[in-house]
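Please open the model in a viewer and keep the selection panel at hand. The tour proceeds from the whole chain to individual sites.

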Amino acid sequence: MIRKISIDDLKPGMEVVKLSSEMWEHMPHLYARPGVIQSQEQVARLKEEGYRQVFVQIPGENKGLTDEQRLDQLIADRDAIPPYKEREPFARAMRSTNVTYESAMSCAMRIVNDAKLGRKMDYQAAVDTASAIVDCAIRNPDTLVCLSKLSAFDDYTYTHSINVAAIAVVFGEYIGMTREELVDLGMAGMMHDLGKTSVDQRIVNKPAKLTADEFAEMRKHPAYGVALLKASRDIPQRVLEAIRLHHEKYNGSGYPGGLTRKDIPAFARIICLADIYDALTSNRCYRDAILPNKALGIMYGMREQEFDPLEIQLFIKCLGIFPSGSLVQLNTGDYAVVRESNPGKPLSPRIRVILNKSMHPVRARDVDLAQAAEPGEPALEIIECADPGVYKKNLLSHMTVN
Ligand SMILES: [Fe+2]
């Protein structure tokens with residue numbers, strides 16, 4: 001656990017943690033050179049130099065907490081301390097995430113087909129896929145956020161399961177889950193709707209409102225999913241619980257149990273966030289996709305009903321107000337694609353300007369909106385998200401080249 005303490009409480013042996021440089025702007029008297037404090041003299045010197053606060057790693061503070069309490073603690077602490085994380089350059093990380101996405105899609109197809117044919121799931125293939133998704137999130141989480149919207153695959157059954165895994169893992173990584181937890185979370189994302197294979201496909205694919213009976217059948221899909229997976233004895237309990245409870249809601253209005261926040265495990269709450277975000281931002285047979293920033297706005301409006309207010313705020317901070325992969329219009333009228341978020345500056349991501357105001361291609365130009373404009377250049381800002389429409393394929397090409 002990382003804690004902010006007064007420099008007066010700093011002692012030899014304590015480990016100072018590295019933080020994002022944005023923290024220094026807000027806390028000029030923060031000492032943040034990483035490493036173990038060697039002596040009382042070093043502490044005295046830091047005091048003399050005017051430092052007043054420091055973030056330190058407190059070992060063993062989590063001892064005695066259950067996994068569930070520890071995850072709650074991570075969520076509660078996440079907002080205060082954005083730890084510094086080294087990321088792989090975006091374009092390079094995008095190329096490997098692209099490869100992972102393609103093989104993850106094949107894995108999702110195999111899992112669904114095995115379930116439909118009553119065959120036992122290839123458990124190791126699912127673990128390997130979830131693990132590869134976790135690797136992508138550690139290398140550069142924006143690449144997963146981006147591909148969840150720009151991948152060339154368009155069969156919702158499969159894309160949705162991989163997107164939910166990807167978005168859930170990105171959020172889990174953001175709050176500081178362990179690698180083991182992230183892999184299980186990815187598995188839960190991949191398989192959260194597997195039970196829909198046991199529901200009459202005319203109900204699953206019905207483009208109109210479901211009747212009461214049809215809806216009652218649809219509500220059984222979490223239980224059907226768990227039943228399908230029970231044959232695989234290796235599946236961790238927290239994965240099964242997340243699948244069973246991913247439609248429970250903060251205020252108790254969900255199903256199957258009508259549980260409230262305190263009784264819904266963190267894994268299920270995170271899958272629920274990722275599930276609704278991807279459902280809103282995907283094209284469905286009955287409506288067009290909602291733009292990512294609008295979807296996040298809608299989800300924020302659902303706080304205290306569907307979602308824990310703190311968790312939906314963190315989710316928005318994690319993805320950015322303008323998530324990677326979004327097409328945005330600038331104050332100059334030009335259009336740009338969002339490549340990477342800037343931690344701590346959700347309105348100012350790194351973008352690539354690609355179209356003029358008439359939507360004609362221009363020579364691509366990279367701009368970090370968090371940096372001041374060059375002398376003589378206009379200060380750029382994002383006015384709104386735009387519908388990429390026919391440009392969607394074109395956007396992806398701008399993600400994998402430097
Ligand atoms: Fe579901």
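Begin with the entire chain, which is a predicted model. Of its 402 residues, 50% count as buried. A cartoon representation displays 16 helices and 10 strands. The radius of gyration is 23 Å and the globule rule gives 21 Å for 402 residues, so the protein is as compact as a globular protein of that length. Aligned on its principal axes, the set of C-alpha atoms occupies a box of roughly 70 × 60 × 35 Å. If contacts are drawn for pairs with a separation of 6 or more, 65% of them join residues 24 or more positions apart.

**The iron site**

Select the iron ion next, together with its protein donors: Asp193 (OD), His221 (NE2), His246 (NE2) and His247 (NE2). These donor atoms lie 2.1 to 2.3 Å from the ion. Along the chain, their spacing reads D-x27-H-x24-H-H. Aspartate 193 belongs to the loop between α8 (179-191) and α9 (201-204), while histidine 247 belongs to the loop between α12 (237-244) and α13 (266-280); the pair, 54 residues apart, links distant parts of the chain. Are aspartate 193 and histidine 247 buried or exposed? Both aspartate 193 and histidine 247 are buried.

What is the geometry of the site with its 4 donor atoms? The site is irregular, with angles of 84 to 175° among the donor atoms. For reference, ideal angles at a metal are 109.5 degrees for four tetrahedral donors.

**A cis peptide bond**

Remain in the loop between α12 and α13 and select proline 256, which lies there. The peptide bond that leads from tyrosine 255 to proline 256 is cis, with omega near 10°.

**Two positive phi angles**

Move to the loop between α14 (292-301) and α15 (309-319), where glutamate 304 is found. Glutamate 304 is not a glycine, yet its phi is positive, at about 70°.

The second stop is methionine 359, in the loop between β8 (350-355) and β9 (361-368). Methionine 359 also has a positive phi in a residue other than glycine, with a value near 65°. Its relative accessibility is 22%, and methionine 359 therefore counts as partly exposed.

**A buried arginine**

Select arginine 339 in strand β7 (residues 335-340). Which side chain of opposite charge is nearest to arginine 339? That side chain is aspartate 366, 4.4 Å away, and arginine 339, although buried, has no salt bridge. The cut-off for a salt bridge is a side-chain nitrogen of Lys or Arg within 4 Å of a carboxyl oxygen of Asp or Glu.

Show the contacts of arginine 339 as sticks, leaving out residues up to four places away in sequence. Among them are Phe90, Ala91, Asp142, Ser324, Arg350, Ile351, Arg352 and Asp366. The list also includes His398, Met399, Val401 and Asn402.

**Salt bridges**

One of the contacts of arginine 339, Arg350, leads to the next selection. Arginine 350 forms a salt bridge with aspartate 368, and their closest N and O atoms are 3.8 Å apart. Aspartate 368 lies in strand β9 and arginine 350 in strand β8, so the pair ties together parts that are 18 residues apart in sequence. With a relative accessible area of 33%, arginine 350 is partly exposed.

Six further residues may be selected together: Glu68, Asp72, Arg261, Arg269, Asp308 and Glu311 are joined into one network by salt bridges that share partners. How many salt bridges does a search of the whole structure find? The search finds 25.

Another of these is formed by arginine 179 and aspartate 135, with the closest N and O atoms 2.9 Å apart. Arginine 179 lies in helix α8 and aspartate 135 in helix α5 (residues 123-139), so this pair ties together parts that are 44 residues apart in sequence. Arginine 179 is partly exposed at 36% relative accessibility, and aspartate 135 is partly exposed with a relative accessible area of 31%.

Then select glutamate 88 and arginine 92, whose salt bridge has its closest N and O atoms 3.5 Å apart. Arginine 92 is partly exposed, its relative accessible area being 48%.

**Final stop**

Finish at lysine 393 in helix α16 (residues 392-397). Lysine 393 has a relative accessible area of 72% and is exposed. A distance label from its C-alpha to that of leucine 228 reads 36 Å, for two residues 165 apart in sequence.

Technical notes. Residues numbered from 1 in each chain as written. Predicted model: local features only at pLDDT ≥ 70, side-chain atom pairs only at ≥ 80, totals over all residues. Heavy atoms only, no water. Helix = DSSP H or I, 4+ residues; strand = E, 2+ residues; numbered from the N terminus. Buried < 20%, exposed > 50% of the residue type's maximum accessible area, 1.4 Å probe, protein only. Lys, Arg positive; Asp, Glu negative; His and termini not counted. Contact = heavy atoms within 4.5 Å. Donors = N, O, S within 2.8 Å, 3.2 Å for Na, K, Ca; no water. Tetrahedral: all angles 85-135°; square planar, octahedral: opposite > 155°, others 65-115°. Rg over C-alpha atoms; globule rule 2.2 N^0.38 Å.
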